[in-house]
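User: I have a model to go through with you. Let's take the cysteines, then the sheet, then the pocket.

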Amino acid sequence: MTDVDTSGHLYTFGYSGKQPTELLALAERIGAKVVDTRFSPASRNPSWAKSNIARTLGTRYVWRGDWLGNANYRLASAPVRLADPDRGIPYLLDLLARQNVIIVCACADITTCHNSVVKRKVDEAQGGAHVAS
């Protein structure tokens, strides 16, 4: 018998210009847990408020901005500072050991989003494996 790699991949999803139902369809299609990494899970678009996303996604959704959010999100010129990466990165690694994970933020461009830092830290912790865009 050969060992089968059951670990998941990390995906990013910037919801700007999208609907929560698009995220749900993606999560269902790839069998993913959706981790909301916004430091503050509010939105100018009510569809993306934490309570509405949780209702739409059900048990697929979890908010972890308290660990993976950018504590400097209100300071445009400040560098990204993850709220508690010592808890957040191991949490993602634990999820990824079992399933695909989608990290979610409003940003449309991953290169300017704090999730690029989250993604890099996960990639480093895994030795460069299992991270997808």
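User: Is Cys113 buried or exposed in this model?

Analyst: The model is predicted. Buried means under 20% relative accessible area. Cys113 has a relative accessibility of 4%. That makes Cys113 buried.

User: How many disulfides are there?

Analyst: A disulfide needs two cysteine sulfur atoms within 2.5 Å. The cysteine sulfur closest to that of Cys113 is in Cys107, at 3.6 Å, so this pair is too far apart for a bond. By this rule the count of disulfides is zero.

User: And what is the exposure class of Cys107?

Analyst: Partly exposed covers values between the 20% and 50% limits. Cys107 has a relative accessible area of 30%. Its class is therefore partly exposed.

User: Which strands are the edges of the sheet?

Analyst: Four strands form an open sheet with parallel pairing, in the order β1-β4-β2-β3. An edge strand here pairs on one side only. The edges are β1 (10–14) and β3 (61–63).

User: Which residue in β4 is the bridge partner of Phe13?

Analyst: β1 runs parallel to β4, residues 100–105. Five bridges join the two strands. In β4, Phe13 has as its bridge partner Val104.

User: Which residues lie nearest the centre of the largest pocket?

Analyst: The largest pocket holds about 640 Å³ of space. Its lining has 13 nonpolar, twelve polar and three charged residues. Of the 28 lining residues, those nearest the centre are Arg38, Tyr73, Cys105, Ala106 and Cys107.

How values were computed. Residues are numbered from 1 along each chain as its sequence is written. This is a predicted model: local features need pLDDT of at least 70, side-chain atom pairs count only at pLDDT 80 or more; totals for chains, interfaces and linings use all residues. Side-chain values use heavy atoms; hydrogens and water are left out. On a 1 Å grid over the protein atoms alone, a cavity is a set of points where a 1.4 Å probe fits but cannot get out, and a pocket is an open set with protein on both sides within 12 Å along at least five of seven lines; lining residues have an atom within 4 Å of a point. Grid points are joined across faces, edges and corners, and a volume is the space filled by probe spheres set on the points. Ala, Val, Leu, Ile, Met, Phe, Trp, Tyr, Cys and Pro count as nonpolar, Asp, Glu, Lys and Arg as charged, and the others, Gly among them, as polar. Buried means under 20% relative accessible area, exposed over 50%, partly exposed in between (1.4 Å probe, protein chains only). Two strands pair if DSSP finds at least two bridges between them.
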